[in-house]
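Reader: I'd like to learn how to read a binding site and the cysteines in a model like this. Can you walk me through it?

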Amino acid sequence: MGHADTEGRRPGPEGPSGSSGARSAYESILRRQSMRESAARTYARALPIVPVRARGLTIEGADGRRYLDCLSGAGTLALGHNHPVVLEAIRKVLDSGAPLHVLDLATPVKDAFTTELFRTLPPAFADRARVQFCGPAGTDAVEAALKLVRIATGRDGILAFTGAYHGMTAGALEASGGATDVRVTRLPYPQDYRCPFGVGGEPGAELAARWTESLLDDTKSGVPLPAGMILEPVQGEGGVNPAPDTWMRRMRTITATRSIPLIADEVQTGVGRTGRFWAVEHSGVVPDVMVLSKAIGGSLPLAVVVYRDDLDVWEPGAHAGTFRGNQLAMAAGAATLSHVRENGLAERAAVLGTRMLSQLRSLAAAFPCVGDVRGRGLMIGVELVDPDPDAAPEPGPPGTPGPHPASPTLAAAVQRECLRRGLIVELGGRHAGVVRLLPPLTISDEQTDAVLDRFADAVTTVARNAARAARPLASTPQELP
Ligand code: PMP
């Protein structure tokens, strides 16, 4: 393949690989990383590159190779790398002599960020909202939100969903799909492709909602009235599962009628990613609490909890943190929020996402190892499955074969083949079987074509290799000794 990138240069392996000196320098950096950094490192294992320059969608490695980045800092870079409005906002603060660290004191930079944030929030929510600046990661905001609803309701339990991801600190981890903690009651998140009820679509989502309702109303369910419900409007790490709008509204009604605060975790879905500024806007649901991070900091660390004012029951200092006042992040974040809003980038994400989904679906039609293509806006997942026709399918809607088992091996192979073609993608999903695309909202039509071409080429290679490996030896006599 070898497509020209946006600046006309060829990417990946065909691109310049630098002098042998540069090559050995970057290889040394990678070697030192693997010797010195924790075994818990993640992206660095699948993506052995050393970024030295970046702009928009493009990253340049220390080896001189150029990559189209559809990982975007795990969905953080709404405007891509080093967008001019972000750089200008950061420079302005630096040049002004303003303090960079102020704990939670008021500053003009923070004031401007808060004004812009409230301008973007759904008006019915913003009208009575309070914002709390917390520690700078998404997981800090989740932690603060869980603590807040526990204090506000005087209750303890939390409702959370299968496949959820809310972070890595204790409370957020409890609410995530891998946890087994008793304070969290796990409810079924609607999934079309791997519907736990074997029916998919709206009927599957309705069954999931009824299960939630019956657990709350059955006096012998073992689930006391909880302090809150936390959900992602589109599950990201769980494998890109968009919740149907009807289900979102059912969750809102179920929680509202039982006085259970509803927490929308928009850490990954926020700031235009799904085709609306906030993903709750698709359904019109007004949550009681929103947790926001990633894109709101314009590529720098920033997280906030926003909630209805009657929940603001904290005692002064009840939830603190040294790094609540990152001025550069607030400046970069305000610039990002206003750029997305003023340039209609959420609407653009909706249009591009629809186009990308329909092109990617043609891969599912062509290759049996592409089990499902799903997403909302520029949050897209392609699920790789074991194409073996004898592989036991899961139960599907009556009369139809269910999905084949997920294939983490093929998904990793697609990620590798993408990287060879100069395309960075992420893996996710229950079995790491979902290849995820999270391009910046600023991606051009031309760049979108380049991403889709490289991706299709990578999938074609992986599918061909998988078919070759599965072919019985007798049918390939030429390969016999
Ligand atoms: N919530 C969601 C929905 C997320 O996707 C993530 C991160 N992927 C988090 C919370 C945690 O954010 P952080 O990694 O910044 O702690």
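Author: We'll go through the ligand site and then the cysteines, keeping in mind that this is a predicted model.

Reader: Where do I start with the ligand: which residues are around it?

Author: Start by listing the neighbours. Here the shell is A137, G138, T139, Y165, H166, G167, E232, E237, D265, V267, Q268 and K294. By class, that shell splits into three nonpolar, five polar and four charged residues.

Reader: Which polar side-chain atoms lie by a nitrogen atom of the ligand?

Author: Look for N or O pairs within 3.5 Å. D265 puts a polar side-chain atom 2.7 Å from a ligand nitrogen, and K294 has one 3.0 Å from a ligand nitrogen. The backbone joins in too: a polar backbone atom of G138 sits 2.8 Å from a ligand oxygen.

Reader: And how much of the ligand's accessible area does the protein cover?

Author: Compare with the ligand on its own, which has 390 Å² of accessible area; the protein covers 83% of that. As for the space the ligand takes up, that's the largest pocket.

Reader: On to the cysteines. How many disulfides does the count come to?

Author: The test is a pair of cysteine sulfurs within 2.5 Å. The count here is zero.

Reader: Why is there no bond for C418?

Author: Because its closest cysteine sulfur, in C70, is 8.8 Å away, too far for a bond.

Reader: Is C418 buried or exposed?

Author: Buried, with a relative accessible area of 0%. C195 counts as buried as well, at 10%, because the cut-off is under 20%.

Methods. Residues are numbered from 1 along each chain as its sequence is written. This is a predicted model: local features need pLDDT of at least 70, side-chain atom pairs count only at pLDDT 80 or more; totals for chains, interfaces and linings use all residues. Side-chain values use heavy atoms; hydrogens and water are left out. A residue is near a molecule or strand if one of its heavy atoms lies within 4 Å of it. A polar contact is a pair of N or O atoms within 3.5 Å; within protein, one must be able to donate a hydrogen and the other to accept it, and residues adjacent in sequence count only if both atoms are side-chain atoms. Accessible areas come from the Shrake-Rupley method with a 1.4 Å probe; for residues, only the protein chains shown count as cover. On a 1 Å grid over the protein atoms alone, a cavity is a set of points where a 1.4 Å probe fits but cannot get out, and a pocket is an open set with protein on both sides within 12 Å along at least five of seven lines; lining residues have an atom within 4 Å of a point. A molecule sits in a cavity or pocket if more than half of its atoms lie within 2 Å of its grid points. Ala, Val, Leu, Ile, Met, Phe, Trp, Tyr, Cys and Pro count as nonpolar, Asp, Glu, Lys and Arg as charged, and the others, Gly among them, as polar. Buried means under 20% relative accessible area, exposed over 50%, partly exposed in between (1.4 Å probe, protein chains only).
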